[in-house]
Amino acid sequence: MLREAAPKRIEFEELDFNLGERWIPTDIYEGFCEHFFQVPVSVSYSAKMDAFGIENHGYSPLISQKYVVKGDFEVYDGMDLLHHAMLNTLPNINKDGGKDEHGKTIRIPDFEARQKADTLITEIRQAFVEWLHAQPDDFKERLTDLYNRKFNCYVRPRYDGSHQQFPGLDLRGLGIEDLYPSQKDAIWMIKQNGGGICDHEVGTGKTLIMCVAAYEMHRLGLARKPMIIGIKANIHEIARTFRTAYPNARLLYPGKEDFTPENRLRIFSDIKNNNWDCIILTHDQFGKIPQSPEIQQEIYTQEIDSIEENLAVFEQQGNEVTGWIKKGLEKRKENLEAKLEKLEQDIKDRTDDVTDFRQMGIDHLFVDESHNFKNLMFNTRHARVSGLGNPEGSMKAMNMLFAIRTIQERTGRDLGATFLSGTTISNSLTELYLLFKYLRPKEMERQGITCFDGWAAVYAK
């Protein structure tokens with residue numbers, strides 16, 4: 001792997017600042033607010049709740065007159081609009097739509113008021129960028145240094161795998177003279193980093209990348225027991241390629257009949273008790289492996305905490321919250337609490353000897369067609385944004401998160417898996433964030449990113 005001597009420093013003029021980025025110190029926000037609203041303003045930020053606290057100290061006509069939007073039911077002053085600007089959201093302003101048959105007031109969207117709020121919020125955000133550019137050089141230097149230390153601290157590597165030797169690889173049996181350079185580079189990347197993402201189109205050799213990388217990681221001691229999982233239509237070809245590439249490999253490739261309820265325990269025991277060069281399963285077979293109750297308990301608790309934090313912020317915002325968002329969060333919390341309660345009971349009552357994923361010793365996952373696991377749960381305070389995906393996620397994706405967290409807990413580092421797909425990101429902004437959530441939890445924690453909204457404030461508009 002070739003590296004530059006150091007990351008190229010990003011200068012102030014190259015930075016694309018966004019009001020509400022969580023890495024910017026609150027004293028900088030306070031300086032801007034005092035300049036803009038002509039009155040002292042306190043700004044605080046809670047990383048745990050991903051919430052800003054904003055309070056003005058004194059009267060300002062800008063806050064109470066100029067930057068004000070009035071609806072039929074609520075009034076949003078400059079502090080409210082500033083708060084929305086920092087969260088990259090819009091107030092949910094409604095107007096009186098008359099009475100229903102029960103005499104209850106009907107609230108309908110006030111698009112004119114919402115448009116005015118959007119215009120004023122955009123003005124505040126633009127003013128922040130202009131204010132930053134008007135600051136002294138030492139101020140700009142401080143902010144630029146902070147950005148470079150937190151986000152620009154990695155050199156983008158160029159992976160050159162041309163030097164690798166592949167003992168045991170039967171090129172003649174495969175009917176090829178050598179691997180493609182792109183395949184060698186991808187294999188070297190996986191070996192160097194302990195995983196990654198291979199965004200390779202169909203026909204570029206993903207199958208052989210998985211097979212050779214898995215065998216090499218096991219041969220070199222980088223992974224004690226790698227596993228490849230793929231869709232049913234492709235899995236036979238993956239297993240055939242592996243057997244052809246490494247005729248002498250200890251490969252476990254169970255058939256459909258091995259995963260019937262009566263045979264599953266034997267297969268789980270085989271995975272656990274033998275030294276396999278690789279195990280190959282379909283996505284469906286992988287989904288039948290029990291996950292560690294303790295890992296599930298830990299992740300469900302984190303998700304419940306995240307929902308509670310969002311609900312607490314919503315309570316602070318009063319009637320700011322769209323009803324269906326709040327109800328959705330409360331319902332999701334209720335479902336997770338039920339699962340958590342069942343898990344706690346299962347742990348307490350556990351007497352059987354069922355082998356779970358943690359006990360199997362799998363320490364690297366190759367996930368072919370990884371886009372099948374894109375629907376992972378996430379929480380957001382954004383509403384009316386197209387393309388955000390389904391916050392509730394799927395059990396299939398949650399199961400994958402349990403497995404990857406098990407591996408990361410074992411290794412003490414990020415990654416632990418290699419995602420391979422021709423459509424790594426297909427149609428939703430959250431799919432990119434969820435790749436971070438799966439593979440880079442420790443790095444996001446270092447950057448102070450605890451949720452989708454915090455990630456979007458830094459990486460997206």
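## A walk through the helices

The chain's secondary structure adds up to 18 helices and 12 strands. Keep in mind as you click around that this is a predicted model. With the whole chain on screen, the C-alpha atoms fill a box of roughly 80 × 60 × 35 Å along the principal axes. Of the 461 residues in the chain, 48% are buried. Now for the contacts: taking those with a separation of 6 or more, 71% are between residues 24 or more positions apart.

**Stop one: helix 8**

Select residues 206-219, which is helix 8. From first C-alpha to last, its 14 residues reach 20 Å, close to the 20 Å expected at 1.5 Å a residue. Is this helix enclosed or open? It's largely enclosed by the rest of the structure, because 12 of its 14 residues are buried. Show the side chains and you'll find K206, E216 and H218 among the buried residues, along with others including L208, I209, M210 and Y215. Then step on to G221, which follows helix 8 and has a positive phi, near 80°.

**Stop two: helix 9**

Next, select residues 232-245 for helix 9. At 1.5 Å a residue its 14 residues should span 20 Å, and the end C-alpha atoms are 21 Å apart, which agrees. Color I235, I238, A239, T241, F242 and A245: these are buried. Look down the axis of helix 9 and the buried residues fall within an arc of 165°, so they line one face of the helix. The general rule behind such a pattern is that an α-helix has 3.6 residues a turn, so residues three or four places apart point the same way. Spin to the other side of helix 9 and you'll meet A233 and H236, both exposed.

What do the buried residues of helix 9 pack against? Light up helix 6 (171-174) and helix 8, then strand 8 (226-230), strand 9 (251-252), strand 10 (278-282) and strand 11 (364-368).

**Stop three: helices 16 and 18**

Finally, select residues 429-439 (helix 16) together with residues 452-459 (helix 18). These two pack at an angle of about 105°, their axes 11 Å apart. That makes helix 16 roughly perpendicular to helix 18. Which residues of helix 16 meet helix 18? Show L429, T430, L432, Y433 and F436 on the helix 16 side, and F452, W455 and Y459 on the helix 18 side. By class, this contact has seven nonpolar residues, one polar and no charged ones.

Terms used: Residues numbered from 1 in each chain as written. Predicted model: local features only at pLDDT ≥ 70, side-chain atom pairs only at ≥ 80, totals over all residues. Heavy atoms only, no water. Helix = DSSP H or I, 4+ residues; strand = E, 2+ residues; numbered from the N terminus. Expected span 1.5 Å × (residues − 1). Buried < 20%, exposed > 50% of the residue type's maximum accessible area, 1.4 Å probe, protein only. Arc of directions from axis to C-beta. Contact = heavy atoms within 4.5 Å. Axes fitted to C-alpha atoms, helices over the stretch in contact; angles between N-to-C directions. Parallel < 35°, antiparallel > 145°, perpendicular 65-115°, else oblique. Nonpolar A, V, L, I, M, F, W, Y, C, P; charged D, E, K, R; others polar.
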